Amino acid sequence: MSRRCELTAKGPQVGHKVSHSNIKTKRRFLPNLCNVTFISDALGRNVRLRVSTNAIKSVDHNGGLDAYLLKANAAALSPRALELKRQIEKKAAETAPTAKAS
């Protein structure tokens, strides 16, 4: 399984572990990934994603999964998240004309 956030595309970075004697050896900095269940209001169901803790904060800050995905850049999203974004956009387009007609 890849160590990449499905919403923000954060992945492993490389750097140096520096000893007390200043010897540098390569190491990896892994993102803090969590399996999280988000609630999609537009789709009316729960969605399980593997995201970084930073992405969880971003989703909360933007007002939920639907709002975050609508704002998100499609290039940074995983294929699963991109499919969710398309489904949410489709649902929003279906409900928008009925709201104007009322």
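**Close-up 1. A9, a residue before strand 1 with a positive phi.** In this predicted model, A9 counts as partly exposed, at 27% relative accessibility. A9 lies in the segment that precedes strand 1. Its phi is near 65°. That is a positive value in a residue other than glycine.

**Close-up 2. The hairpin of strand 1 and strand 2.** Strand 1 covers residues 13-18 and strand 2 covers residues 24-29. The two run antiparallel, joined by six bridges. One bridge pairs V18 with K24 of strand 2. Five residues separate the strands of this hairpin.

**Close-up 3. N22 in the hairpin turn.** N22 belongs to the loop between strand 1 and strand 2. Its phi is positive, about 70°, although N22 is not a glycine. How accessible is N22? Its relative accessibility is 48%, so N22 counts as partly exposed.

**Close-up 4. R27 and the ring of F29.** The charged end of R27 sits over the F29 ring. The distance to the ring centre is 3.8 Å. Pairs between aromatic rings are another matter: the count is zero.

**Close-up 5. C5 and C34, two cysteines without a disulfide.** The model has zero disulfides. Why is C5 not bonded to C34? The closest cysteine sulfur to that of C5 is in C34, and at 9.7 Å it is too far for a bond. The cut-off for a disulfide is 2.5 Å between the sulfur atoms. Seen from the other side, C34 is in no disulfide, and its nearest cysteine sulfur is that of C5. The surroundings of each cysteine can be given too. C5 is buried, with a relative accessible area of 3%. C34 counts as partly exposed, at 26% relative accessibility.

**Close-up 6. The largest nonpolar core.** This core has 20 residues. Those with the most contacts inside it are L7, F38, L49, V51, L65, L69 and L77. Two strands and three helices each supply at least two residues: strand 3 (33-40), strand 4 (45-52), helix 1 (53-62), helix 2 (65-71) and helix 3 (79-101). Helix 3 gives the most, with four residues.

**Close-up 7. L7 and its contacts.** L7 is among the core residues with the most contacts inside the core. Which residues does L7 touch, leaving aside those up to four places away in sequence? They are F38, L49, V51, A55, V59, L65, Y68, L69, A76, L77 and A81.

How values were computed: Residues numbered from 1 in each chain as written. Predicted model: local features only at pLDDT ≥ 70, side-chain atom pairs only at ≥ 80, totals over all residues. Heavy atoms only, no water. Phe/Tyr/Trp six-rings, centres within 6.5 Å; stacked < 30°, edge-to-face > 60°. Lys NZ or Arg CZ within 6 Å of the ring centre and 35° of its normal. Pairing = 2+ DSSP bridges. Buried < 20%, exposed > 50% of the residue type's maximum accessible area, 1.4 Å probe, protein only. Core = buried A, V, L, I, M, F, W, Y, C linked by side-chain atoms within 4.5 Å. Contact = heavy atoms within 4.5 Å.
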